[in-house]
Amino acid sequence: MAKLDEPLRKALGDRTAKVMAEGLDLHTVGDLLCHYPRRYAERGELTDLSGLVEGEHVTVMAEVLKVQGRTITKRPGYLLEVTVTDGRGELMLTFFGKKASYKPEKELPPGTRALFAGKVTFFRTRQGVKKQLTHPDYRPVAVSAVSGASGSGMSEAAREFVEELIPVYPATKGLESWKITDCVKMILDTVDIGTDPMPEPILRDHGFIRLREAYDGIHRPKDFAELSRARKRLKWDEAFLLQLALARRRRAAGALPAKARPRAEDGLLREFDRRLPFTLTEGQLSVGEEIAAELAREHPMHRLLQGDVGSGKTMCALRAMLQVVDSGGQAALLAPTEVLAQQHYRSITGMLGPLGQAGQLGGADRATRVALLTGSQGAKARRAALLDAASGAAGIVVGTHALLQEHVQFADLGLVVVDEQHRFGVEQRDALREKVAGGRPHVLVMTATPIPRTVAMTVFGDLDTSVLNQLPAGRAEIKTHVVPPEKPGFLHRAWERIREEAAQGRQTYIVCPRIGEQEGDEGDVEPKDDEGERRPPLAVLDLLPSLAEEHLSGLRIGVLHGKLHPDEKDAVMRRFAAGELDVLLATTVIEVGVDVPNATVMMIMDADRFGVSQLHQLRGRVGRGNLPGLCLLVTEAPEGTKIRERLAAVASTTDGFELSRLDLEQRREGDVLGVAQAGRASSLKLLTLLRDEDVILRARQAAAAVVAADPDLTHSPGLAAELAALLDDERAEYLEKA
């Protein structure tokens with residue numbers, strides 16, 4: 001009997017095991033049993049051929065329509081063309097070989113139903129584009145024995161035969177789906193599953209079948225009802241094990257020490273609030289109370305602050321930082337780019353005024369100092385910032401990755417604020433936390449549009465979450481329009497609109513995906529989806545001449561991108577903020593944090609090259625005052641493509657949380673344990689976060705109860721073993737750092 005941890009080479013032989021390891025990352029019997037079918041074919045049902053995508057490796061069920069063979073002068077001397085159909089469309093199968101020994105012609109006569117596996121290619125004929133599989137593997141599927149019977153005349157045995165579900169697996173070169181089926185059948189007939197690891201009370205309370213039945217039910221189901229029961233159990237196992245890992249992590253984190261940072265009765269925070277020229281929103285006040293309470297505890301806060309663009313997250317973070325400063329500690333704000341770090345520095349010093357000018361002329365009697373630390377600072381400014389951080393003179397230190405370097409020290413780091421959390425790897429964020437001796441700092445991560453992993457961790461309940469869903473008073477509406485290729489007049493009107501805004505003293509951002517140098521791309525460029533080959537993305541330096549000489553001639557145009565010297569970047573931003581420029585032509589360096597209330601138009605060139613989150617962030621740079629904002633998404637993507645659907649979705653809503661769900665649907669959630677980022681397969685096979693939130697919630701409650709009663713899983717050795725297998729050293733370390 002084979003065990004779940006037994007190497008596949010022992011069960012299947014070296015040759016098959018090697019293909020499975022290299023092509024599918026399957027190494028043990030348990031790995032193979034968790035390699036679930038992608039879909040299920042029925043003998044009486046043909047695959048819809050219209051949905052085949054060029055370049056995809058597919059397995060389809062089709063019926064042979066006609067067979068044509070002919071001798072050719074080139075080797076190997078014989079060409080066989082088999083046309084198959086789904087009853088509507090057609091697919092060409094092409095075989096080359098020697099006529100005398102050629103089997104497909106004998107094995108695939110017209111009327112034969114078979115599974116065909118191969119790579120889809122397109123070729124042009126006079127009749128149009130046709131789809132083709134060259135030298136596909138195939139396996140005839142017997143249906144003729146029962147095809148004459150139908151309805152009440154069909155015996156029960158015949159009906160079961162026709163309606164049998166045929167699993168179609170994710171396959172790889174040299175190992176077709178039906179060969180995987182044979183391997184799985186061999187394993188299922190000999191495997192010893194052992195004791196079911198799921199505690200008996202959970203199986204009983206939730207009505208789950210046992211693990212052995214689940215493996216049988218998903219790999220060789222008799223009907224869809226059996227398949228549904230199997231999927232229900234296996235989906236639960238994925239959710240429950242991850243929740244168990246996260247519940248144990250939450251318990252361990254709750255036991256870690258952190259210095260309490262209680263709110264002072266009469267400190268900088270109280271004075272800051274008193275001087276504010278506006279009233280905080282109810283959301284900001286509520287979130288402020290949540291954060292203040294956690295900072296006062298002797299265990300580290302680990303909170304995600306989700307707020308849509310312009311909802312006032314920075315204000316909440318600053319008030320938290322001031323609470324820590326009042327308690328004698330320091331706060332570090334980690335920003336992903338120098339432009340954003342400088343923007344935060346200017347914004348924070350501007351909001352604090354005299355309260356942030358300790359030791360300076362005009363500073364308040366009770367004040368702190370704000371330091372800026374970036375990688376490109378001059379030696380003198382850098383030494384001063386390092387000294388302010390190490391001595392404690394600076395209560396707030398704003399910086400980029402430069403804050404993570406070993407020689408950067410803090411006197412008493414109490415709070416780490418991470419802006420746009422997804423721009424930093426787990427290891428980078430962890431480096432800041434290691435700068436606290438004998439404990440952990442409190443951590444606040446902020447994001448305007450949660451990316452998939454952030455949403456995943458949130459749905460899985462690993463982070464405490466605060467939400468700002470209220471915009472401050474006076475924020476203007478932003479309208480978004482797609483500027484498509486089929487309506488060239490729209491683009492002409494867009495240039496006119498920018499001129500009209502400039503005539504009224506208002507300003508415009510124009511964003512391109514690239515700088516104009518081969519190595520100068522900035523931001524995440526989206527895959528080409530379903531459009532085939534496309535021209536290179538537009539570049540700032542390529543677009544500049546046509547703007548200056550044609551579309552926007554006479555307007556004052558500034559250029560901003562990541563390759564500029566920091567002093568140049570800062571000077572351009574200052575000129576734009578001061579109204580000395582009408583148009584800022586930039587890359588995604590202005591994606592987050594840039595705040596110019598007079599900017600009313602955001603024009604994004606090649607908008608289809610950006611992700612949903614990026615588009616929403618860029619859009620958030622306008623409408624930041626009381627002037628209405630306009631966002632123009634310029635694209636060459638044709639109507640009816642997935643890219644256009646994505647752009648239309650962005651144009652239809654300004655709700656960042658709704659867009660984050662769209663992003664998650666399109667990209668999937670990756671692996672909540674992070675291993676997918678290291679090029680390994682996700683631990684989620686069946687579970688999808690948007691469709692299975694109810695499963696996740698129930699699993700979270702059950703896992704919390706198990707961990708509360710048995711923290712070390714002493715009484716559930718099967719669960720402990722499953723968890724150990726899931727959390728190898730790399731995953732466990734990632735989860736601990738996250």
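Is Cys512 buried or exposed in this predicted model? Cys512 is buried, because its relative accessible area is 0% and the cut-off for burial is under 20%. Cys316 is buried too, with a relative accessible area of 6%. As for bonds between cysteines, the count of disulfides comes to zero.

With these cysteines placed, the overall picture can be sketched. The protein has 738 residues, and 52% of them count as buried. Its secondary structure consists of 26 helices and 23 strands. Among the contacts with a separation of 6 or more, 74% are between residues 24 or more positions apart.

Several helix pairs give a good way into the fold. Two packed helices are described by the angle between their axes and the distance between the axes. A convenient starting point is helix H10, which spans residues 224-255. The axis of H10 comes within 8 Å of the axis of helix H9, residues 211-219, and the two cross at roughly 125°. H9 is therefore oblique to H10, and their crossing is left-handed. On the H9 side, the residues that meet H10 are Leu211, Ala214, Tyr215, Gly217 and Ile218. Their partners in H10 are Glu226, Leu227, Ala230, Arg231, Arg233, Leu234 and Asp237. Sorted by class, this contact of H9 with H10 has seven nonpolar, one polar and four charged residues.

H10 also packs against H24, at an angle of about 50° and with the axes 8 Å apart. That angle makes H10 oblique to H24, and H10 passes H24 in a right-handed crossing. From H10, the contact draws on Trp236, Ala239, Phe240, Gln243, Leu244, Ala247, Arg248, Arg250 and Arg251. H24 contributes Val695, Ile696, Arg698, Ala699, Arg700, Ala702, Ala703, Ala704, Val706, Val707 and Ala708. In terms of class, the contact of H10 with H24 holds 14 nonpolar, one polar and five charged residues.

Another pair is formed by helix H14, residues 338-352, and helix H20, residues 566-577. Their axes lie 10 Å apart, and the packing angle is about 55°. H14 and H20 are therefore oblique to each other, and H14 passes H20 in a right-handed crossing. Glu338, Val339, Gln342 and Arg346 make the contact from H14, while Pro566, Lys569, Asp570, Met573 and Arg574 make it from H20. These residues divide into three nonpolar, one polar and five charged.

The loops repay a visit as well. One of them joins helix H24 (693-709) to helix H25 (717-726), and Ser716 is found there. Ser716 counts as buried, because its relative accessibility is 15% and burial means under 20%. Not counting residues up to four places away in sequence, Ser716 touches Pro199 and Asp710. Leu713 lies in the loop between H24 and H25 too, and this residue counts as buried at 2% relative accessibility.

The backbone of Leu713 deserves a short pause. Most residues other than glycine have a negative phi. Leu713, however, has a positive phi of about 55° although it is not a glycine. A positive value is also found at Asp25, where phi is near 60°. Asp25 sits in the loop between helix H2 (14-24) and helix H3 (29-33). Which description fits the accessibility of Asp25, buried or partly exposed? With a relative accessible area of 38%, Asp25 is partly exposed.

A further loop connects strand E11 (302-307) with helix H13 (313-326), and Gly312 is found in it. Gly312 is buried, with a relative accessible area of 17%. Which residues does Gly312 contact, leaving aside its neighbours within four places in sequence? They are Gln284 and Leu468. Gly312 and Leu468 are 156 residues apart in sequence, yet their C-alpha atoms are 7.8 Å apart in space.

Terms used. Residues are numbered from 1 along each chain as its sequence is written. This is a predicted model: local features need pLDDT of at least 70, side-chain atom pairs count only at pLDDT 80 or more; totals for chains, interfaces and linings use all residues. Side-chain values use heavy atoms; hydrogens and water are left out. Axes are lines fitted to C-alpha atoms, for helices over the stretch in contact, and angles run from 0 to 180 degrees between N-to-C directions. Helices (H or I, at least four residues) and strands (E, at least two) are DSSP runs, numbered from the N terminus. Angles under 35 degrees count as roughly parallel, over 145 as roughly antiparallel, 65 to 115 as roughly perpendicular and the rest as oblique. A crossing is left-handed if the near helix is turned anticlockwise from the far one by less than a right angle, and right-handed if clockwise. Contact means heavy atoms within 4.5 Å. Ala, Val, Leu, Ile, Met, Phe, Trp, Tyr, Cys and Pro count as nonpolar, Asp, Glu, Lys and Arg as charged, and the others, Gly among them, as polar. A disulfide is a pair of cysteine sulfur atoms within 2.5 Å. Buried means under 20% relative accessible area, exposed over 50%, partly exposed in between (1.4 Å probe, protein chains only).
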